[in-house]
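Here are a few exercises for getting to know a new structure. Have a go at each task before you read its solution.

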Amino acid sequence: MYNIYHLCITSILHLDLEHSPFSSRNLGACIGYEYGALCMPSLPWKKQRHPMRFYPLDETLPLLLSLVMGLQHAFAMVGGLITPPFVIAKFSIDSFPFGKVDLQQYFIVAALITSGICTIINVLKVEIPFSKKIFGKRLFIGSGLLSVMGTSFTFLPIFEIAISSMKAEGYTGEEAYGKMLGTSMLCAVLEICFSVMPGKYITKVFPPVVSAVAVTLIGVALTGTGMKYWGGGVVCAEMGWKEHIQVKGLAVSTVPSAICSGSAKVALPYGSTEYIGLGFSVLVFLVVIELFGSTFMKNCNVILALCFGYFIAGVSNYDGLPYVDTSKIQAAPVVDFLWTQWFGIGLYGPAIIPMLIAYIVTTVETIGDVTATHEVSELSTNDKEYTRRIQGSLMADAICSILASVFTSMPNTTFSQNNGVIAMTKCASRRAGIATGVWLILMGIFAKIAGVISSIPDCVIGGMTIFLFANVFVSGITLFGELNLKSRRIRFISVLSLCVGVGVTVWPWAFLDQRASPYTAAFWRCADCSETMKGVRNAVSIFLSTGYCVGSVLAILLHAILPEDPQEPVIEGNVHWSVIGQESAYFAKKNDDEAEGDVSIRATIKDEEAGSANESGDGEGEAAPADDDDQQRVGISEFKVTGS
């Protein structure tokens with residue numbers, strides 16, 4: 001049955017309709033790409049029979065193959081791409097009971113269109129006019145690789161905390177978001193500065209240990225947030241203390257509520273079995289896809305699992321009440337575009353330092369992403385073209401983040417998970433990257449897609465996001481795996497940075513105000529402070545309560561001030577370890593200047609040497625009789641100790 005299915009798919013996709021505009025020559029079947037291998041379900045007990053053909057960076061792909069590969073990348077990234085703007089729109093800008101559905105849908109539209117435009121810019125690699133005359137070298141915007149761009153998770157915690165702080169000061173959610181857009185535009189200039197620096201200086205300032213710490217802490221923070229969604233929603237999770245038996249009977253305001261209402265007409269306490277079960281259905285389907293899914297399905301597993309969880313929620317109900325609100329789909333316009341909603345452009349001083357740190361983190365991430373894309377695209381990382389692509393990608397990050405603010409969307413950076421798509425599909429052609437951008441723009445323009453996404457229950461979104469966010473965490477662990485953790489210096493930097501970063505991530509309330517309780521954190525109570533001091537206090541609070549900010553800064557500082565580990569002695573040659581201790585005792589006993597402090601000692605003694613010299617009777621080869629100390633050294637054939 002498996003072979004018949006494979007034959008049918010391959011035959012259909014290789015039909016040669018000579019007189020049709022959709023002939024195999026025009027659509028790409030003639031180049032021999034194995035569509036069957038791409039679409040066939042996998043069987044865990046069977047191995048792949050032969051490898052798929054690889055399509056390099058400059059391969060001229062036909063239309064059909066470009067569209068299929070582009071769709072793979074679009075599906076692989078759409079789940080992660082829409083999550084940050086959707087979370088900000090629903091849980092930060094909007095307030096309980098989250099009635100601004102049009103706002104949530106617009107944020108999804110803007111994110112999809114912005115990411116599509118930025119992906120095309122990054123793939124095309126546009127040269128900056130007059131850069132040779134101004135900077136002495138050619139500068140580019142874009143990497144010229146199949147490297148896609150999307151809304152960054154790095155900025156999500158800062159946006160959440162900053163908007164919450166501004167709302168506590170009396171700003172509306174929309175005004176607060178506009179101020180964050182302007183702050184993002186200003187801080188993006190830092191990454192432009194990094195992009196024109198020589199690559200060797202960037203790696204010195206931001207070594208791999210800093211990248212590992214930053215990415216790991218981002219993953220820790222986001223995974224915890226994903227768990228809040230899974231249990232029913234962020235607000236009700238943070239208000240769960242109102243359900244405590246010692247509080248419930250008191251006159252405590254019910255706004256915000258500890259009851260989660262992010263599932264149409266169903267309203268249950270955080271962590272209810274119904275919410276957990278719906279979110280768990282997403283994770284179960286991810287396992288099924290991993291076991292039996294085709295290459296195509298595995299590449300877009302997140303969006304398929306989200307659709308499955310959405311389907312389960314759609315056919316389920318709680319005492320006759322639906323989990324899915326279809327009115328959101330009906331209310332969504334058929335077509336939408338950028339700037340149908342506007343938030344203004346402002347500036348929020350307390351968020352500047354955390355945003356600068358976020359751009360430092362994305363700089364490190366982007367360098368790693370481009371390196372990984374080079375590797376899966378089978379390109380060298382030791383030539384000038386690699387350096388140019390690093391520069392172009394950093395410039396694209398900065399320019400696209402500025403454009404994103406103009407487009408009313410959150411900052412855009414490279415998406416690392418799409419490197420897995422290149423590895424699995426064996427296609428690194430830039431044409432597939434351009435097709436990805438086109439698909440994302442089309443998904444954004446047809447706003448009914450945003451309507452469907454906004455109607456998904458929070459608990460189902462949580463089942464998807466906790467998997468996505470944990471991927472970020474695992475990426476950080478992978479970076480640690482590439483470090484020399486046997487080095488005391490690297491280990492110390494990692495431990496000290498993580499102990500503070502993870503600590504404030506797990507429990508930020510040491511420095512952060514509780515929801516709906518501004519300026520009450522005990523470390524700096526500031527309800528009666530001047531407006532200037534409140535701004536300073538909020539900046540310090542945001543920095544100290546954002547784990548990856550404080551952790552990354554600690555890692556950078558420790559890397560700058562801690563000396564390198566001393567070089568350990570290396571023993572070369574054939575050594576009998578049983579007498580090494582005797583050798584040490586010999587030098588201690590000798591106490592002569594030659595032995596003391598010598599860092600390169602060579603001793604060659606053979607058991608037969610003295611005897612054979614005596615037996616020969618040759619005066620020239622005679623050896624002096626060995627003393628008692630020298631006798632202790634017999635048995636070491638040859639060794640050399642080197643060190644500093």
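**Exercise 1. Two helices that cross**

Task: Work out how helix α7 (residues 156-168) and helix α8 lie relative to each other, keeping in mind that this is a predicted model.

Solution: Start with the axes of α7 and α8, which come within 9 Å and cross at roughly 130°. Next, check the class: an angle between 115 and 145 degrees is neither roughly perpendicular nor roughly antiparallel, so it counts as oblique. α7 and α8 are therefore oblique to each other. Then add the handedness: α7 passes α8 in a right-handed crossing. Last, see who touches whom: on the α7 side it's I158, F159, A162, I163, M166 and K167, and on the α8 side G173, A176, Y177, K179 and M180.

**Exercise 2. A pair of rings**

Task: Classify the aromatic pair made by F107 and Y177, then find where its two members sit.

Solution: The structure holds 10 aromatic pairs, and here we pick one of them. The ring centres of F107 and Y177 are 4.8 Å apart and the planes stand at 50°. Stacked needs under 30 degrees and edge-to-face needs over 60, so anything else is tilted. That makes the pair of F107 and Y177 tilted, because its angle is 50°. Now for the location: F107 belongs to helix α5 (residues 101-124) and Y177 to helix α8 (residues 173-195), so the pair links parts of the chain that are 70 residues apart. Both F107 and Y177 are buried. To finish, zoom out: ring pairs join F107 and Y177 with Y106, F159 and F343 in a cluster.

**Exercise 3. A pair between loops**

Task: Do the same for W339 and F407, and decide how exposed each of them is.

Solution: The rings of W339 and F407 are 5.6 Å apart, centre to centre, with 70° between the planes, and the pair is edge-to-face. W339 lies in the loop between α16 (327-331) and α17 (352-376), while F407 lies in the loop between α18 (384-406) and β8 (412-414). This pair, too, links distant parts of the chain, 68 residues apart. For exposure, W339 has 43% relative accessibility, so it counts as partly exposed. F407, at 11%, counts as buried.

**Exercise 4. Two more helix pairs**

Task: Describe how α13 packs with α15, and how α10 packs with α22.

Solution: Take α13 (residues 273-292) and α15 (residues 301-315): their axes come within 8 Å and cross at roughly 135°. α13 and α15 are therefore oblique to each other, and the crossing is right-handed. Among the residues that meet are L278, F285 and I289 in α13, and L304, F308 and I312 in α15.

Now turn to α10 (residues 208-230) and α22 (residues 458-481), whose axes are 7 Å apart at an angle of about 165°. α10 and α22 are therefore roughly antiparallel to each other. Here the crossing of α10 and α22 is left-handed.

**Exercise 5. The whole chain**

Task: Sum up the protein chain: how many helices and strands does it have, and what share of its residues counts as buried?

Solution: Count the elements to get 28 helices and 11 strands. Of the 644 residues, 48% count as buried. As a last step, look at contacts with a separation of 6 or more: residues 24 or more positions apart account for 79% of them.

Methods
Residues are numbered from 1 along each chain as its sequence is written. This is a predicted model: local features need pLDDT of at least 70, side-chain atom pairs count only at pLDDT 80 or more; totals for chains, interfaces and linings use all residues. Side-chain values use heavy atoms; hydrogens and water are left out. Rings of Phe, Tyr and Trp (its six-membered ring) pair if their centres lie within 6.5 Å; planes under 30 degrees apart count as stacked, over 60 as edge-to-face and the rest as tilted. Helices (H or I, at least four residues) and strands (E, at least two) are DSSP runs, numbered from the N terminus. Buried means under 20% relative accessible area, exposed over 50%, partly exposed in between (1.4 Å probe, protein chains only). Axes are lines fitted to C-alpha atoms, for helices over the stretch in contact, and angles run from 0 to 180 degrees between N-to-C directions. Angles under 35 degrees count as roughly parallel, over 145 as roughly antiparallel, 65 to 115 as roughly perpendicular and the rest as oblique. A crossing is left-handed if the near helix is turned anticlockwise from the far one by less than a right angle, and right-handed if clockwise. Contact means heavy atoms within 4.5 Å.
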